Amino acid sequence: MIPVAGLLALAALALAGAAPALAPQAPAPAPAPADSLQLAAAYRATAKYQHTRTATAAGYVPDTYCVPGKPGAGGLGYPHFNHAHDDSRDPSKPTALIYEDDVRGSRRLVALEWTSTGPNRPANLFGAAFNGPIPGKFPGQPAHYTLRVWLWKENPSGRFALYNPDVRCRPGTTRPA
């Protein structure tokens, strides 16, 4: 039998060990109201693009290759571009819709991207800064800025991270070297 003083000591140790877990956690900062309205507008406007055929009918041209991202950073997926929306700051008109393979052999929408081809970093969208300048990736593409938003798939690296560690390209789906 453990004496009462021993039980009190064990209880105190248990509570001391649990105290950090019981301490209130600081909440993540809430987006500003205008940023939340912009994100809601992007959700509403892009919900119809869950199926790639709807995206292609709206002028988004699919890249046939999956973009793997940088080693250790995860992947991007399959971008579908509509360059009529380059330089758009409209939350409902992204330059690119980004898809990943799903378990059924289809693709599902995971992210959106806005691109700016101007020489200066554009103003924030959704309260986030654009990345860049990024060198052109094909002949004739100027240096540009991008803002990627993981709106349809959670990204452990953050909503505005360039790549998602949970997105993987299947073997044989990436652009040949």
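Here is a friendly talk between a trainee and a mentor about how the terms used for this predicted model are earned.

Trainee: What should I know before we start?

Mentor: This is a predicted model, where local features need pLDDT of at least 70, side-chain atom pairs count only at pLDDT 80 or more, and totals for chains, interfaces and linings use all residues. Residues are numbered from 1 along each chain as its sequence is written, and side-chain values use heavy atoms, with hydrogens and water left out.

Trainee: Why is S88 called buried?

Mentor: Buried means under 20% relative accessible area, exposed means over 50%, and partly exposed is in between (1.4 Å probe, protein chains only). S88 has 10% relative accessibility, so it counts as buried. It sits in the loop between β2 (78-81) and β3 (96-101); strands here are DSSP runs of E with at least two residues, helices are runs of H or I with at least four, and both are numbered from the N terminus.

Trainee: What makes the link between S88 and the backbone oxygen of K93 a polar contact?

Mentor: A polar contact is a pair of N or O atoms within 3.5 Å; within protein, one must be able to donate a hydrogen and the other to accept it, and residues adjacent in sequence count only if both atoms are side-chain atoms. The side chain of S88 reaches that oxygen at 3.1 Å. Contact in general means heavy atoms within 4.5 Å, and beyond its neighbours within four places in sequence S88 touches K93, W114 and T115.

Trainee: Which label fits D87, buried, partly exposed or exposed?

Mentor: D87 has a relative accessible area of 37%, so it is partly exposed. D87 also lies in the loop between β2 and β3, and it has a positive phi of about 70° although it is not a glycine.

Trainee: And which label fits F126?

Mentor: F126 is at 4% relative accessibility, so it counts as buried. F126 is in the loop between β4 and β5, and its phi is positive too, about 60°, although F126 is not a glycine.

Trainee: What makes a group of residues a nonpolar core?

Mentor: The members are buried Ala, Val, Leu, Ile, Met, Phe, Trp, Tyr and Cys residues joined through side-chain atoms within 4.5 Å. The largest one has 20 residues, and L97, W114 and F126 have the most contacts inside it. At least two of its residues come from each of α2 (33-46), β3, β4 (107-116) and β6 (144-149). A second, separate core has 7 residues, including L76, V110, A111 and W150.

Trainee: How do you know that β4 and β6 are paired?

Mentor: Two strands pair if DSSP finds at least two bridges between them. Here 5 bridges join β4 to β6, which run antiparallel. S116, for instance, stands opposite Y145 in β6.

Trainee: Why are β1 and β5 described as edge strands?

Mentor: The open sheet has 6 strands in the order β1-β2-β3-β4-β6-β5, with antiparallel pairing. β1 (61-62) and β5 (131-134) each have a single partner strand, so one side of each is left without a neighbour in the sheet.

Trainee: What is found between G132 and P133?

Mentor: A cis peptide bond joins them, with omega about 10°. P133 is in strand β5.

Trainee: Why is P165 called partly exposed?

Mentor: P165 has 23% relative accessibility, so it counts as partly exposed. P165 is in the segment after β6, and it touches A73, G74, N155, P156 and S157, not counting residues up to four places away in sequence.
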